[in-house]
Amino acid sequence: MPKRCSKCKHNYANPPAAFYRNASRRDGLESRCKRCAARDQRDYNARNKDKVTARRKALWAAYYAKHRERLQAAARIRVNRRNHERKRDKARRLVTLYRLRRDNGKP
Ligand SMILES: [Zn+2]
């Protein structure tokens, strides 16, 4: 059975794909279609930048506090790998430079 979006009035042939679920509603789906929900969310985020930023920071802080050790270990691995790669690349550049100079010195 098709369903009409309460906002854009578009008729959708396959409502479960076009509407988010909402168990408290009779048909189990939101009244706005996903496209309208996404646009409304984007507008809300733009209008409430400070609030959204504060909420995101608080969520990240809570997540970080909960997973601090794992996150720090992962960061350490990334830093070590990057340092290793830099050192390796520098050594390769030096070898290339050495070979170029050596070969250019010959007739
Ligand atoms: Zn809509």
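**Exercises on an open helical chain**

Of the 14 residues of helix α2, the number buried is 0, so this helix lies largely in the open. The exercises below concern a predicted model.

**Exercise 1. Decide whether the end-to-end distance of helix α2 agrees with its number of residues.**

Solution. Helix α2 covers residues 34-47, and at 1.5 Å a residue its 14 residues should span 20 Å. The C-alpha atoms at the two ends of α2 are 20 Å apart, which agrees with that expectation. Helix α3, residues 49-66, can be treated in the same manner: its 18 residues reach 26 Å from the first C-alpha to the last, close to the 26 Å expected. As for burial, α3 is hardly covered, since the count of buried residues among its 18 residues is 0.

**Exercise 2. Classify Asn-45 as buried, partly exposed or exposed.**

Solution. Begin with the location, which is helix α2. Next, apply the cut-offs, by which a residue is buried with 20 or more other C-beta atoms within 10 Å, exposed with 12 or fewer, and partly exposed in between. Asn-45 has 13 C-beta neighbours inside 10 Å, and therefore counts as partly exposed. To place this residue relative to an earlier part of the chain, note that the C-alpha atoms of Asn-45 and Asp-27, 18 residues apart along the chain, are separated by 28 Å.

**Exercise 3. Describe the setting and the backbone of Lys-9.**

Solution. Lys-9 lies in the loop between β1 (3-4) and β2 (11-12). With 9 other C-beta atoms within 10 Å, Lys-9 is exposed. Its phi is positive, about 65°, although Lys-9 is not a glycine. Most residues other than glycine have a negative phi.

**Exercise 4. Compare the overall dimensions of the protein chain with those of a compact globule of 107 residues.**

Solution. Start from the elements: the protein chain has 4 helices and 2 strands, and along the sequence these follow the pattern β-β-α-α-α-α. A compact globule of 107 residues would have a radius of gyration near 13 Å, whereas the protein chain has 28 Å. The C-alpha trace spans about 85 × 40 × 25 Å along its principal axes. Buried residues make up 3% of the 107 residues. Among contacts with a separation of 6 or more, 25% are accounted for by residues 24 or more positions apart.

The last step concerns the domains. The chain is divided into domain 1 (3-51) and domain 2 (68-107), and the centres of domain 1 and domain 2, taken over C-alpha atoms, are separated by 51 Å.

Definitions and conventions:
Residues numbered from 1 in each chain as written. Predicted model: local features only at pLDDT ≥ 70, side-chain atom pairs only at ≥ 80, totals over all residues. Domains from an automatic or database assignment. Expected span 1.5 Å × (residues − 1). Rg over C-alpha atoms; globule rule 2.2 N^0.38 Å. Contact = placed C-beta atoms within 7 Å.
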